[in-house]
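I opened this entry to look up how the interior is packed and where the cysteines sit. My notes follow in the order in which I looked things up.

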Amino acid sequence: MSNIADVIIVGGGVHGASLAFHLAQRGVKAIVLEKQFIGAGATGRSSGLVRMHYDTEVDSRLAWVSFQYFRNWKEMVGGECGFTRTGFIQLVDKAHTNALKANIKLHQAIGIPSMLVTADDVKRLAPQFTTDDVEVAAYEPESGYAMPSDTANALIGAARARGAQLVQDCTVTGIQVAGGKVTGVETSLGEFSAPIIVNAAGAWADQINKMVGLDLPYNTWRHDTMFVVRPNEIRLSHPTVIDFGNEMYFRPEGGLTLIGLEDGNPLGESPDSDTDHAKKGFVERAIDRLCLRVPAMKNGALHSAHGGYDGITPDQHPMLGPAGPDGFFLDCGYSGTGFKTAPAVGLCMTELILDGAAKTVDISLLRPERFAEGEQVKGNYQNIWH
Ligand SMILES: Cc1cc2nc3c(=O)[nH]c(=O)nc-3n(C[C@H](O)[C@H](O)[C@H](O)COP(=O)(O)OP(=O)(O)OC[C@H]3O[C@@H](n4cnc5c(N)ncnc54)[C@H](O)[C@@H]3O)c2cc1C
């Protein structure tokens, strides 16, 4: 095992894995240091929604570039990402109808397959849904979901096949800086050296930032999810849905439906807290919410429920770019929506690190210093998590 690399990546989630893959494609050797195992953090708990409907251009473009990977995974990466096309419906309350229409226009201009549909269309796409409150919705026929752990494992596997190194059970405990430049890290398994260090530690990223004296507005965000077994009357699948009015999202997986809620996601907890169990009261709230949109779910059965932690920033967008000492980069703060953009972000971060700027998608809006500059990212919808 070598302990010298061109780039050290702290964290083996889908973002650390994607960056290692894209660096390896350019012949750059990365060592990924992961304190547990690939996908142990948010990635392994992610609901895996893959859609392009966002309320900013940068997010939509990152999701669209990433979508080319998800639907051509074998050719572009190799292995499996588990992408399943279900179609995606974005439902909004009446207050957001105009914003939805503007977003669809933006998506269509980018080339994303997205269309404005009516309540009758939604009823045809999903006869089990209540649509009385629906005026219009966005429909993405190509979208769906993927398997986040498989995705991360495929990316790291492809990275390793091209020379990257993965060290698991390896906790980064300190960052070495000399003359204003990073030189390496201290870990539970000894020292590793590289002139570039990337913080891809998800909900733990603030701990890594503090190792180089960075004090950025960064928090932890907890999110519980639940699988229910669909009853016989809706045994057939249904589209993937984000439902603003009922503050939830849900998607199928075989005979199960996965649901998460937009509200009641606590901030500031330790990311090392129990994630094997959902918080008290979550299951009851989620079932009530799901039955509002899909009444037949009242005959469903609880399958399982658990939680996960992601890093969150004040504008609910990631921090991407250099910060602190020379050679230190941030690739973190995905604020609960970072799975689907990981392929494109890994490519863009590689361009930023190696060429000085990302050319595939302009990610300069997401630079870490935007908070100090008072330039937070603003979308057409209000930030969705609360
Ligand atoms: C329950 C849940 C559902 C979600 N659903 C979706 C969804 O449907 N669609 C979507 O796009 N996004 C979703 N997200 C968000 C998405 O999963 C995350 O944004 C994404 O997985 C973040 O990946 P990451 O690589 O940045 O972080 P992580 O996957 O958290 O990886 C960070 C890694 O760093 C490691 N680490 C931490 N500290 C150290 C250290 N000191 N030394 C070494 N390693 C360290 C951790 O062990 C961890 O494995 C969801 C998130 C959660 C929690």
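I began with α3 in this predicted model, and I listed its buried residues as Val58, Asp59, Ser60, Leu62, Ala63, Trp64, Val65, Ser66, Phe67, Tyr69 and Phe70. Because eleven of the 15 residues of α3 are buried, I noted this helix as largely enclosed by the rest of the structure. I then looked up what covers these buried residues, and found that the cover includes α1, β3 (49–50), α4, α5 (97–110), α7 and α10. I also checked the length of α3: its end C-alpha atoms are 21 Å apart, which agrees with the 21 Å that 15 residues should span at 1.5 Å a residue.

Next I turned to the largest nonpolar core, which has 56 residues, and I wrote down Val7, Ile9, Leu62, Trp73, Val198, Met349 and Ile363 as those with the most contacts inside it. The elements giving two or more residues to this core are β1 (7–10), α1 (14–25), β2 (30–33), α3 (57–71), α7 (148–161), β13 (196–199) and α10 (342–355). The largest share, eight residues, comes from α3. Apart from this core I found another, of 30 residues, among them Trp204, Ile208, Tyr309 and Phe371.

I looked at Trp73 separately and, leaving aside its neighbours within four places in sequence, I recorded contacts with Gly78, Gly79, Glu80, Cys81, Thr151, Ala154, Leu155 and Pro343.

That list led me to α7, whose buried residues are Pro148, Thr151, Ala152, Ala154, Leu155, Ile156, Ala158 and Ala159. These buried residues pack against α1, β2, α2 (42–45), α3, α4 (73–76) and β9 (165–167). I noted that α7 has 14 residues and reaches 20 Å from its first C-alpha to its last, close to the 20 Å expected at 1.5 Å a residue. After α7 comes glycine 163, for which I noted a positive phi, near 110°.

Last, I asked how many disulfides there are when sulfur atoms must lie within 2.5 Å, and the count came to zero. Why is cysteine 332 not bonded to cysteine 348? The sulfur of cysteine 332 has its closest cysteine sulfur in cysteine 348, but at 16 Å this is too far for a bond. Cysteine 348 is likewise in no disulfide. I recorded cysteine 332 as buried, at 1% relative accessibility, and cysteine 348 as buried too, at 0%.

How values were computed. Residues numbered from 1 in each chain as written. Predicted model: local features only at pLDDT ≥ 70, side-chain atom pairs only at ≥ 80, totals over all residues. Heavy atoms only, no water. Core = buried A, V, L, I, M, F, W, Y, C linked by side-chain atoms within 4.5 Å. Buried < 20%, exposed > 50% of the residue type's maximum accessible area, 1.4 Å probe, protein only. Helix = DSSP H or I, 4+ residues; strand = E, 2+ residues; numbered from the N terminus. Contact = heavy atoms within 4.5 Å. Expected span 1.5 Å × (residues − 1).
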